[in-house]
Each structure stands twice: as C-alpha cells, then as structure tokens.
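This report describes selected features of one protein chain, moving from local strand geometry to the interior. The sequence and the model are shown first.

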Amino acid sequence: MAAPIVGLSKSKLAVNIVANTGLKNCVGAVILLHGSGDNGSNFNSWIRDTLGEELSFPHLQVIYPTAPSRPYTLSGGMLSNVWFDRYALEYETHEDTDSINHMTDEISKLIQDQVNKGIPENRIFLGGFSMGGSMSLHVAFNQHTSIAGVFTLSSYLYQESLVYKALQKHKGRLPPYFACHGDTDDLVKYSWGKLTVERLQEKYNIQTEFHSIPGLDHQLHQGSIKKLKSWILNILPNSDS
C-alpha cells in the first residue's frame, strides 16, 4: 500500500527564481528540480558554487522549485523534501504511483504558470539532479511532451517505470533528452543511468545526448553543467546575441 500523502493536497511549490537582468527579454524558462531532502535555494547555491558563477541566461528565466515535505520511506518515514516516495533505491523495484502522479500534477501547474505569463511550453526546459531528474522524466514524457527539452544529472528510472508505460501509448513528438552520470556513482549506480538513457534512445527513438563523467560519484560536476548550458543554448539560442 502506498504511504499516505500528508499535507500535499493544498500545497504550492515554493520557488527560487534567479535574478535575471534581461528578464524583460525573457522568452523561455529552465526549471531545475533538486535531489531528495534538499530545497530549491540550496540547489541554486550548489550549482553556483560548482559552476563558479550563476547558471543564468540573458533570455531564459531559471527557476528552482522546492518539493513539499512528505513522509519518506527511505528515511524511516520521517518528513523530507522529496518529489515522490521511494521504497528502495534499486533498479528492479516498483514506484509509488500516488506520490509520482500527485507531484506530476503539481509541477504541471508550475509549467502552466509560465505559460500563463506568456512563455510557450516549447520554450520551457525541465530537469534536475538525482530524484529531481527522475521526476522530470515523469513530467516530460507523461504530460508535457511539447517542452523544449528534459535533462538529468545522476538520475535513473526504475526498470518498470510508469514513464515507459506512458511512452508505449504515446504517438508524436518527444522532447530531446540530455543526461550526465558519474561512472563511480555508488548511490545512483552508473549502470542504472546508462540503461535508462539507452532504453529511451533505442526503444523510443528519443534524441539523446549522454555524457559519462570519469571518476565522478554522486555529485554535481562543473563540466556537466557547462555541457548542459551549451545543450540548452543550442536548442534555444539567444536571438539578441
């Protein structure tokens, strides 16, 4: 039985928006989802410290939401800022569909907020680190296949993920996918991330860019973030530059 979703039905995702001097020229958005137990503000700081500067774009708004607090099975049922519940950190296990579907709806509201502000969905990127990347794949390939792109850093999908079930039924365009994973990651295994990328690319013909990072464990990496930024700019360049 799925763990009860406590205190989420009326919650609204808290967001940390990076200051952008070119906001008046904003034509798109990048939404970054943190890993389990973190928050948007800390994730913003971690990326800034790793990159050596703010991850920013003159024409794109960068948004760091914070997951609501909920009981998390892997923390003994204690409250934690997580996008969904997990019963095990393994490749061959089952997903908590209730919490995933609930948070897919909540992130969809955040995407719709951007659309309501005049940003077309096909100019919105969604991605994240670890659990945040996994959540992004659920949102992108289940409900928002028209977004500009989806990306993951040290993330994976379970072998029998809901994402694959959704893709089996989908017809039409799918967003391109960018992924990086450290080959010495001992928390979210490199093999799990690689299998996820290969399956999405080979079985569902998703345009994929995958970078294996030698010697990197479950961490952010400056080179990965630079590659991510280049990938975003290649898809949606600044027309004023």
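## Strand pairing and the hairpin

S69 has N81, in strand 5, as its bridge partner. This bridge belongs to the antiparallel pairing of strand 4 (residues 69-72) with strand 5, which extends over four bridges. The coordinates are those of a predicted model.

Strands 4 and 5 form a hairpin with five residues between the strands. Within this hairpin, G76 adopts a positive phi near 70°.

## Overall composition

The protein chain contains six helices and nine strands. Of its 241 residues, 54% are buried. Among contacts between residues at least 6 apart in sequence, 76% join residues at least 24 apart.

One pair of residues distant in sequence is S239 and H59, which lie 180 residues apart along the chain, with their C-alpha atoms separated by 8.4 Å. S239 is located in the segment after helix 6 (222-235). Its relative accessibility is 69%, so S239 counts as exposed.

## Nonpolar cores

The largest nonpolar core comprises 36 residues. Those with the most contacts inside this core are I31, W83, I107, M135, F141, Y177 and L200. Two or more residues each are supplied by strand 2 (28-33), helix 2 (97-116), strand 6 (124-129), helix 3 (131-142), helix 4 (162-169), strand 8 (177-182) and helix 5 (190-204). Helix 3 contributes the most, with six residues.

What does M135 touch, not counting residues up to four places away in sequence? The residues in question are L33, W83, F84, I100, M103, T104 and I107. Two of these, W83 and I107, are also listed with M135 among the residues with the most contacts inside the largest core. Separate from this core is a second one of 23 residues, which includes V30, L55, F57 and L236.

## The environment of E95

E95 is found in the loop between strand 5 (78-81) and helix 2. The residue is buried yet has no salt bridge. K165 provides the nearest side chain of opposite charge, at 6.5 Å; a salt bridge would require the charged atoms to be within 4 Å, so this separation does not qualify.

Which polar partner does the side chain of E95 find in the side chain of another residue? The contact is with the side chain of S161, at 2.9 Å. The side chain of E95 also reaches the backbone nitrogen of L162, at 2.7 Å. Leaving aside neighbours within four places in sequence, the residues in contact with E95 are Y87, I100, H138, Y158, E160, S161 and L162.

## Two serines with positive phi

S130 is not a glycine, although its phi is positive, at about 55°. The residue sits in the loop between strand 6 and helix 3. Is S130 buried or exposed? Its relative accessible area is 7%, and S130 is therefore buried.

S154 likewise has a positive phi, near 60°, in a residue other than glycine. Its place is the loop between strand 7 (149-153) and helix 4. S154 counts as buried because its relative accessibility is 2%, which is under the 20% limit for that class.

Methods
Residues are numbered from 1 along each chain as its sequence is written. This is a predicted model: local features need pLDDT of at least 70, side-chain atom pairs count only at pLDDT 80 or more; totals for chains, interfaces and linings use all residues. Side-chain values use heavy atoms; hydrogens and water are left out. A nonpolar core is a set of buried Ala, Val, Leu, Ile, Met, Phe, Trp, Tyr and Cys residues joined through side-chain atoms within 4.5 Å. Buried means under 20% relative accessible area, exposed over 50%, partly exposed in between (1.4 Å probe, protein chains only). Contact means heavy atoms within 4.5 Å. Lys and Arg count as positive and Asp and Glu as negative; His and the chain ends are not counted. A polar contact is a pair of N or O atoms within 3.5 Å; within protein, one must be able to donate a hydrogen and the other to accept it, and residues adjacent in sequence count only if both atoms are side-chain atoms. Two strands pair if DSSP finds at least two bridges between them.
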